[in-house]
Amino acid sequence: MEKIDLQAVAALPEQAQSCLKGFKKNTYAASFETYMDENRALWDSFHALFSSAEDITGTAGEVADCLVKTVEEALADKKGRIGKEQLQLDINLYMVSYVFPAILSCQEYPKNNNNAVKMADVICAKWKEAFPKYSISYTDFASIQGGFKQKLCYITTAVCSGLHKAPGCRELVVMKKYRDEYLIKQEGGAEVIEEYYDIAPTIVKRIAKEDDPEGKYLYLWEHYLKFCVAMIDAGQFEECRDTYERMVEELRQEYIITDHHDGLCQR
């Protein structure tokens with residue numbers, strides 16, 4: 001069985017900050033390609049492992065434990081609760097946008113036993129055990145790159161994830177279809193969407209810092225989003241727009257204009 005260089009694995013989280021500087025619509029593709037090239041020896045060993053091994057459970061556990069231990073040590077060295085939370089969020093984003101897409105790219109085609117997916121599953125499970133408030137999931141490069149082009153519905157996606165709905169849940173599909181097939185075609189609709197995507201990532205990031213983010217997601221669902229979905233189903237498209245804009249304005253007031261984490265407007 002191909003051996004994985006665990007020292008190289010342990011060095012991956014150290015690359016988070018430099019990689020995230022390139023995690024933007026216009027630079028992500030080039031940034032990810034550079035990331036793959038700079039760690040080519042490691043990804044080649046993953047590719048060989050996935051292609052030849054019948055059972056990667058043991059190796060996957062070693063890789064996951066190595067990543068978790070490295071992050072735990074980095075968090076222990078970070079001073080202050082806010083600093084630790086920010087580092088955890090940054091590493092989580094890096095894992096989802098760089099590490100998992102790299103791992104999944106190491107298997108060229110699906111098999112009955114997709115070892116790349118097995119590896120990702122083990123890492124996610126270990127991550128949840130170690131960081132229960134900051135669990136992660138995986139996706140591939142193409143999905144992320146496509147997400148930039150489609151402008152993912154950040155808040156609705158975060159709410160669905162926070163309420164443990166499936167990534168492709170009906171509610172999210174309905175909201176995205178409403179945005180792409182109705183709202184963007186209305187007067188001022190494109191401007192509303194553009195403004196929304198300017199502030200939504202910051203709002204989602206700050207909700208993640210809450211002591212009870214799931215409680216906030218439940219509040220948003222119960223007070224706004226479930227009504228939006230019902231209105232769309234009933235053909236009440238403008239009513240949905242009004243409701244959604246009220247939600248965004250409430251979140252803007254709470255997390256952008258008077259952010260209770262920092263006490264001032266800071267983006």
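Trainee: How much accessible surface does the protein chain have, and what percentage of it belongs to carbon and sulfur atoms?
Mentor: Keep in mind that we're looking at a predicted model. The accessible surface of the protein chain adds up to about 14,200 Å². As for the part that belongs to carbon and sulfur atoms, it is 53%.

Trainee: What kinds of elements run along the chain, and how many helices are there?
Mentor: Walk along from the N terminus and you meet one α element after another. The count of strands is zero. For helices, the number is 13.

Trainee: What percentage of the residues in the protein chain count as buried?
Mentor: The cut-off for buried is under 20% relative accessible area. The protein chain has 267 residues. The share of them that counts as buried is 45%.

Trainee: Among contacts with a separation of 6 or more, what share comes from residues 24 or more positions apart?
Mentor: Here a contact means heavy atoms within 4.5 Å. Take the contacts in the protein chain with a separation of 6 or more, and ask how many join residues 24 or more positions apart. That share is 75%.

Trainee: Let's pick a residue. Is Lys216 buried or exposed?
Mentor: Lys216 sits in helix H12, which covers residues 213-233. Its relative accessible area is 14%, and the cut-off for buried is under 20%. So Lys216 is buried.

Trainee: Which residue has a side chain joined to that of Lys216 by a polar contact of 2.8 Å?
Mentor: Start with what Lys216 touches beyond its neighbours within four places in sequence: Ile207, Glu250, Leu251, Glu254 and Tyr255. From that list, the side chain that makes the 2.8 Å polar contact with Lys216 belongs to Glu254.

Trainee: Where does the side chain of Arg206 reach a backbone oxygen at 2.6 Å?
Mentor: Arg206 lies in helix H11 and is buried, with a relative accessible area of 8%. Its C-alpha atom is 9.2 Å from that of Ile256, though the two residues are 50 apart along the chain. The backbone oxygen that the Arg206 side chain reaches at 2.6 Å is that of Tyr255.

Trainee: What about Tyr35: buried or exposed?
Mentor: You'll find Tyr35 in helix H3, residues 28-38. Leaving aside neighbours within four places in sequence, its contacts include Leu12, Trp43, Tyr94 and Ala102. At 1% relative accessibility, under the 20% cut-off, Tyr35 counts as buried.

Trainee: How far apart in space are Tyr35 and Ser18, C-alpha to C-alpha?
Mentor: Along the sequence, Tyr35 and Ser18 are 17 residues apart. In space, the C-alpha to C-alpha distance between them is 9.8 Å.

Trainee: How many disulfides does the structure hold?
Mentor: A disulfide needs a pair of cysteine sulfur atoms within 2.5 Å. Cys106 counts as buried at 3% relative accessibility, and Cys124 does too at 12%. As for disulfides, the number in the structure is zero.

Trainee: Which helix gives the largest share of the lining of the second largest pocket?
Mentor: The second largest pocket has a volume of about 300 Å³. It is lined by 16 residues, and the closest to its centre are Leu183, Val192, Tyr196, Tyr244 and Val248. The elements that give two or more residues to this lining are helix H10 (170-181), helix H11 (189-207) and helix H13 (237-257). The largest share, six residues, comes from H13.

Methods: Residues are numbered from 1 along each chain as its sequence is written. This is a predicted model: local features need pLDDT of at least 70, side-chain atom pairs count only at pLDDT 80 or more; totals for chains, interfaces and linings use all residues. Side-chain values use heavy atoms; hydrogens and water are left out. Helices (H or I, at least four residues) and strands (E, at least two) are DSSP runs, numbered from the N terminus. Buried means under 20% relative accessible area, exposed over 50%, partly exposed in between (1.4 Å probe, protein chains only). Accessible areas come from the Shrake-Rupley method with a 1.4 Å probe; for residues, only the protein chains shown count as cover. A polar contact is a pair of N or O atoms within 3.5 Å; within protein, one must be able to donate a hydrogen and the other to accept it, and residues adjacent in sequence count only if both atoms are side-chain atoms. On a 1 Å grid over the protein atoms alone, a cavity is a set of points where a 1.4 Å probe fits but cannot get out, and a pocket is an open set with protein on both sides within 12 Å along at least five of seven lines; lining residues have an atom within 4 Å of a point. Grid points are joined across faces, edges and corners, and a volume is the space filled by probe spheres set on the points.
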